[in-house]
Amino acid sequence: MSKLQSLQAGGHPFFDSVFANWAQQDTDAALQYAEQLSDPTERDAAMKAIQSVAPVGIGAELRMQDGLPIINRLLPGTPADLGGQLQPGDRIVAMAQGNNSFVDARGMALVDVVQAIRGVPGSLLQLQVLSADAPPDATPRTVAIFRGQIKFKR
């Protein structure tokens, strides 16, 4: 076994940190390399390291205001940006994983909202959203969005 193979085996912290740092600089390149790894254990460890710094989600930066998650901005080239259904200032009132029941987002901790939004690439997330200018008692619209790998290129 070569030194590189022994470093790669078992999700070695050095190997994981190399992929994590690479993903912060150029997520696409790191993903392309990781997908070509022949050993499934190595590939899974590399993908996990990449997703630790470049998560899978919709690409919306959130903040909390009056107990609701608010879209602060959309990251360019992400599902939220490309879909055109979400805008900065939109308020998320509920979320559903796939076609499951909606869960009320009011009063949830921001970390819990972010965790619910993240998931597997290509998986469906549904949001019930109020536009920034809609009154609080307005009927929210439902936005269906498929999660994607958030990619960085510096």
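These legends go with a set of close-ups of one predicted model.

A few ground rules apply: residues are numbered from 1 along each chain as its sequence is written, and side-chain values use heavy atoms, leaving out hydrogens and water. Since the model is predicted, local features need pLDDT of at least 70 and side-chain atom pairs count only at pLDDT 80 or more, while totals for chains, interfaces and linings use all residues.

**View 1. The whole chain, from end to end.**
The chain has 6 helices and 8 strands, where helices (H or I, at least four residues) and strands (E, at least two) are DSSP runs numbered from the N terminus. Read from the N terminus, the elements go α-α-α-α-β-β-β-α-β-β-α-β-β-β. Of the 154 residues, 38% count as buried; buried is under 20% relative accessible area, exposed is over 50%, and partly exposed is in between (1.4 Å probe, protein chains only). About 8,600 Å² is exposed, with carbon and sulfur atoms supplying 53% of it; areas like this come from the Shrake-Rupley method with a 1.4 Å probe, and for residues only the protein chains shown count as cover. Among contacts (heavy atoms within 4.5 Å) between residues at least 6 apart in sequence, 55% join residues at least 24 apart.

**View 2. Confidence, and the N-terminal stretch.**
The average pLDDT, the predictor's confidence in each residue from 0 to 100, is 82 for the chain, and 79% of the residues score at least 70. Over residues 1-10, pLDDT stays under 50, and the model has 7 contacts beyond four places in sequence for this stretch. Where pLDDT is low, the predicted coordinates should not be read in detail.

**View 3. The largest nonpolar core.**
A nonpolar core here is a set of buried Ala, Val, Leu, Ile, Met, Phe, Trp, Tyr and Cys residues joined through side-chain atoms within 4.5 Å. The largest one has 17 residues, and Ile58, Leu86, Ile92, Met95, Ile117 and Leu127 touch the most other members. Two or more residues each come from strand E3 (68-74), strand E4 (91-97), helix H6 (110-117), strand E6 (124-130) and strand E7 (141-146). Somewhere else sits a second, separate core of 6 residues, including Ala34, Ala46, Met47 and Ile50. In soluble globular proteins, nonpolar side chains tend to be buried together.

**View 4. Leu127 and Ala94.**
What does Leu127 touch, not counting residues up to four places away in sequence? The list is Ile58, Leu86, Ile92, Ala94, Met95, Phe102, Arg141, Thr142 and Val143. Ala94 is in strand E4 and counts as buried because its relative accessibility is 5%. With residues up to four places away again left out, Ala94 touches Phe102, Val103, Asp104, Ala105, Gln126, Leu127 and Gln128. Ala94 and Leu68 are 26 residues apart along the chain, with 9.4 Å between their C-alpha atoms.

**View 5. Asp90 and its Arg141 partner.**
Asp90 is in the loop between helix H5 (79-83) and E4. Is Asp90 buried or exposed? Asp90 is buried, because its relative accessible area is just 2%. The side chains of Asp90 and Arg141 make a polar contact at 2.9 Å; that term needs a pair of N or O atoms within 3.5 Å, and within protein one must be able to donate a hydrogen and the other to accept it, with residues adjacent in sequence counting only if both atoms are side-chain atoms. Beyond four places in sequence, Asp90 touches residues including Pro69, Ile70, Ile71, Val129, Leu130 and Arg141.

**View 6. The E2–E3 hairpin.**
Strand E2 (residues 60-65) and E3 pair in the antiparallel sense over 6 bridges; strands pair if DSSP finds at least two bridges between them. Along this pairing, Arg63 has Ile70 as its bridge partner in E3, and Ala60 stands opposite Leu74. The hairpin has 2 residues between the strands, and Asp66 takes a positive phi near 50° there, in a residue other than glycine. Asp66 is exposed, because its relative accessible area is 74%.

**View 7. Arg73 on a mostly covered strand.**
E3 has 5 of its 7 residues buried, so to speak mostly covered. Arg73 lies in this strand and is partly exposed, because its relative accessible area is 40%. Leaving aside neighbours within four places in sequence, Arg73 is in contact with Gly59, Ala60, Glu61 and Pro88. From Arg73 to Gln87, 14 residues apart in sequence, the C-alpha to C-alpha distance is 7.5 Å.
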